[in-house]
Amino acid sequence: MNTQCKLLNAGSVFAALLTAMVMTGCTPTPQQQFAARMQTQYGIDKREVEAGLQQAEKKDDIIALMTKPAEAVKPWKDYAPIFLTDARRNNGVAFWREHADTLAKAEQQFGVPAEYIVAIIGVETNYGRIMGKHRVLDALNTLAFYYPPRSPYFTGELEQFFVLAREQNWDLTTPMGSYAGAMGMGQFMPTSYRKWAVDFDGDGQVNLFQTPADAIGSVGNYFRIHGWQTGGAMMLPVSFAAEPAGSLLYPKRDVAPLNDLFAAGMQAPVALQPDWQAALLVFDEADGRHYYLGFNNFRVITRYNKSPLYARAVLEFAGQLKAAYLQPSTATATSATTPPANSSRAGVGSR
Ligand SMILES: [Ca+2]
């Protein structure tokens, strides 16, 4: 018991005036509690953790950015042009050509076609061009301690960041990332970095910031771990005579047998078995509202970022990349008239 606590217990006449100080002295701050937990659970000296946290800054701009993620407000017709640009596609084809052997190896090892891995790295960071301008320590510190709606999640990520930094021998203040703390070419959160990032070039380090091979292998491994089925269906347009109930739409209704959708009047352009499984998606396109089935692999992409808009952008971009990769003369011919990459946004880091 410290001196201030003794004063309070002794009933000192000054006790009331000292209450605020006493409370500070007797009750550990959230940061002190965090540091104590890091020592107990991970064996990292709490004084080191407290010293690390003292280097962290609270960033009000990060809290502002968290309140309105782009994909929460934009319909597909406005969302798609942000990611599906000629410039990004040409960058993707160049990335694919440069790392063709590594992508082929990843496809063989994880069962994920190259175009999906190239699409993810393109949508996330435009092939390492935009990996985030925030110190990861600041981002996670801000969201763990000063953003109550997501505090439990980001406190967990801050814990994993301290452990990751120790494992990777990083200075805590060095890694840069998105405003949510996602890092590297594939924008991995600390938990994902520790669990699923792989050393795919075999140099003994897992470096998602500077080693494309590690980023490629890590995205492939992430998809495989989250249930990617090689050759599985992705998305299929369907229609309804009358607007289906909202309870049938993803994510309220997840991937499930199609019986209830057929019962609601769903019509598909190909024959589907009622016991096949898919989620029902809706997108507001330029010519109105359209429905689609999203199959297992579509949902796997949403494990990278939960937004169906994001998953569709990855899916369509992958198709464009593959077509351009197989027809190199077309990609070259359009490059002279393409606009610059239109994105200031790194991944928001749900993975
Ligand atoms: Ca490596």
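Trainee: What joins β6 to β7?

Mentor: A hairpin does, through two residues. Keep in mind that this is a predicted model, where local features need pLDDT of at least 70, side-chain atom pairs count only at pLDDT 80 or more, and totals for chains, interfaces and linings use all residues. Residue numbers start from 1 along each chain, following the sequence as written.

Trainee: What makes β6 and β7 a pair?

Mentor: Strands here are DSSP runs of E, at least two residues, just as helices are runs of H or I, at least four, and both are numbered from the N terminus. Two strands pair if DSSP finds at least two bridges between them. Strand β6 (residues 277-285) and β7 have seven bridges, in the antiparallel sense, so they pass that test. One spot to look at is Leu-281, which stands opposite Tyr-292 in β7.

Trainee: How do you know that β3 pairs with β7?

Mentor: By the bridge count again: four bridges join β3 (residues 235-240) to β7 (residues 288-294), and the two run antiparallel. Val-238, for instance, has Tyr-291 in β7 as its bridge partner.

Trainee: What is the strand order in the open sheet, and why are β4 and β5 called edge strands?

Mentor: The five strands go β4-β6-β7-β3-β5, with antiparallel pairing. As for the edges, β4 (256-257) and β5 (266-267) each pair on one side only.

Trainee: Over to the helices. How do you know that the span of α8 agrees with its length?

Mentor: The expected span is 1.5 Å times one less than the number of residues. For the 13 residues of α8 (residues 86-98) that comes to 18 Å, and the end C-alpha atoms are 18 Å apart, so the two agree.

Trainee: Why is the α8 and α10 crossing called oblique?

Mentor: The axes, lines fitted to C-alpha atoms over the stretch in contact, with angles from 0 to 180 degrees between N-to-C directions, come within 10 Å and cross at roughly 125°. That makes α8 oblique to α10, because under 35 degrees is roughly parallel, over 145 roughly antiparallel, 65 to 115 roughly perpendicular, and the rest oblique.

Trainee: Which residues meet there?

Mentor: Arg-88, Asn-91, Gly-92, Phe-95 and Trp-96 in α8 meet Ala-114, Val-118, Ile-121 and Gly-122 in α10; contact means C-beta atoms, placed from the backbone, within 7 Å.

Trainee: Gln-187, Asn-169 and Arg-37: why does each get its burial label?

Mentor: Count the other C-beta atoms within 10 Å: 20 or more is buried, 12 or fewer exposed, and in between partly exposed, with C-beta atoms placed from the backbone. Gln-187 has 31, so it is buried. Asn-169 has 7, so it is exposed. Arg-37 has 15 and is therefore partly exposed; this residue sits in helix α3 (residues 30-42).

Trainee: What makes the backbone at Gln-187 and Asn-169 worth a look?

Mentor: Most residues other than glycine have a negative phi, and most peptide bonds are trans. Yet phi is near 55° at Gln-187, a positive value, and near 60° at Asn-169, also positive. Gln-187 lies in the loop between β2 and α13 (190-196), and Asn-169 in the loop between α12 (151-168) and β2 (176-177).

Trainee: What kind of peptide bond joins Tyr-250 and Pro-251?

Mentor: A cis one, with omega about 5°. Pro-251 is in the loop between β3 and β4.

How values were computed. Contact = placed C-beta atoms within 7 Å.
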